[in-house]
Amino acid sequence: MKQSIFTITDNTPLNARYSHLALRGDASAITAPGQFVSLSLPGFFLRRPFSVCDWNAEGMTLVYEAVGKGTEALRKLPIGTALDVLTGLGNGFDLSRAGEEPLLIGGGSGVSPLLGLCRRLISAGSRAHVVLGFNTREEVVLLEDFFALGVSPTVTTVDGSFGIRGFVTEGMAIPHSYFYTCGPEKMMRAVAEKSPVSGELSFDARMGCGFGACMGCTKRTADGAKRVCKDGPVFRKEALVWDD
């Protein structure tokens, strides 16, 4: 974990629901896709956690959903605003397990960390397949970014206004060596149950501290309760115990 000051270089709404945030600063503590950062926002006591979409030597990008007062306030911050950021939080995806043809499945804001993951899987020699799920055509994001990597994602929408009608599981009829998924918990459980192979799931959770001190974000596993922020947010399929 590292605490640094980052400067906003872009904060653009992608649609009515999601926005793109680019931050310039020292992102060297980010070592794996699937890790997250925690932002201190002006006027708010608790930090806000966000998955890292992608990063490089100059900084990082986030794609976030406006779901409350904190993210609504974030949407209004102008270019040039300095933010206090904790980076390198959590454990990311394990690329060594991917195999030749991994499948990446994202739902809603859960598509964000899959972009950086996809870039690195391709660089490592894997042929990545991607399935992205949204409610409607109006919510689709990052499609062009995946195209730029040479990947043509399968897109599903609940209302059928774009791509395949239905949930992401409708687009999973692709032979794959391993899977990586991020999104709503019910979606990820359905993905894990449908896939015949092993994989990893990245959880979103309400966090008090973001680095394991408060125990406010636990998940049931075969080895007992684990903290999403410290032991996760990525967990292997076989480790999880689902609540009925």
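**Exercise 1. The surroundings of Leu-104**

Which residues does Leu-104 touch, not counting residues up to four places away in sequence? Work this out on the predicted model shown above, then place Leu-104 in its nonpolar core.

*Solution.* Start with the contacts. Leu-104 touches Leu-114, Leu-117, Cys-118 and Leu-121, and also Ala-128, His-129, Val-130, Val-131 and Tyr-180.

Next, look at the core. The largest nonpolar core has 27 residues, and Leu-104 is among the five that touch the most other members, together with Cys-118, Leu-142, Phe-146 and Tyr-180. Helix α2, strand β9 (129-134), helix α3 (143-148) and strand β12 (178-182) each supply at least two residues of this core. The largest share, five residues, comes from α2.

Finally, look beyond this core. Apart from it lies another core, of 22 residues, including Met-172, Met-188, Val-191 and Leu-201. As a general background, nonpolar side chains tend to be buried together in soluble globular proteins.

**Exercise 2. Arg-120 and its distant neighbours**

Find the element that holds Arg-120, and list its contacts beyond four places in sequence.

*Solution.* Arg-120 sits in helix α2, which covers residues 112-123. Leaving aside neighbours within four places in sequence, Arg-120 is in contact with Pro-33, Asp-54, Trp-55 and Leu-95. Now take Pro-33 from that list: 87 residues along the chain separate Pro-33 from Arg-120, yet their C-alpha atoms are 8.2 Å apart.

**Exercise 3. Three salt bridges compared**

How many salt bridges does the structure hold? Take the pairs of Glu-139, Asp-94 and Glu-101, and describe the setting of each partner.

*Solution.* The structure holds 12 salt bridges. Here are three of them, one step each.

- Step one: Glu-139 pairs with Arg-17, with the closest N and O atoms 2.9 Å apart. Glu-139 lies in the loop between β9 and α3, and Arg-17 in the loop between β1 (2-13) and β2 (18-24), so this pair ties together parts that are 122 residues apart in sequence. With the cut-off for buried set at under 20% relative accessible area, Glu-139 is buried at 14%. Arg-17, at 29%, is partly exposed.
- Step two: Asp-94 pairs with Arg-97, and their closest N and O atoms are 3.2 Å apart. Asp-94 is partly exposed, at 28% relative accessibility, and Arg-97 is partly exposed too, at 37%.
- Step three: Glu-101 pairs with Arg-127, the closest N and O atoms being 3.7 Å apart. Glu-101 is in the loop between β7 (82-89) and β8 (102-107), while Arg-127 is in the loop between α2 and β9, so the pair links parts that are 26 residues apart in sequence. Glu-101 counts as partly exposed at 28%, whereas Arg-127 counts as exposed at 55%.

One last step: Arg-17, Glu-65 and Glu-139 are joined into one network by salt bridges that share partners.

**Exercise 4. The protein as a whole**

Why does the radius of gyration of the protein agree with a compact globule? Add the overall dimensions and the surface.

*Solution.* A compact globule of 244 residues would have a radius of gyration near 18 Å, and the protein has 17 Å, so the two agree. The C-alpha trace spans about 45 × 40 × 35 Å along its principal axes. The secondary structure comes to four helices and 16 strands.

Now turn to burial and contacts. Of the 244 residues, 52% count as buried. Among contacts between residues at least 6 apart in sequence, 61% join residues at least 24 apart. The protein exposes about 11100 Å², of which carbon and sulfur atoms supply 51%.

Terms used
Residues are numbered from 1 along each chain as its sequence is written. This is a predicted model: local features need pLDDT of at least 70, side-chain atom pairs count only at pLDDT 80 or more; totals for chains, interfaces and linings use all residues. Side-chain values use heavy atoms; hydrogens and water are left out. Contact means heavy atoms within 4.5 Å. A nonpolar core is a set of buried Ala, Val, Leu, Ile, Met, Phe, Trp, Tyr and Cys residues joined through side-chain atoms within 4.5 Å. Buried means under 20% relative accessible area, exposed over 50%, partly exposed in between (1.4 Å probe, protein chains only). A salt bridge is a side-chain nitrogen of Lys or Arg within 4 Å of a carboxyl oxygen of Asp or Glu. The radius of gyration is taken over C-alpha atoms; the globule rule is 2.2 Å times the number of residues to the power 0.38. Accessible areas come from the Shrake-Rupley method with a 1.4 Å probe; for residues, only the protein chains shown count as cover.
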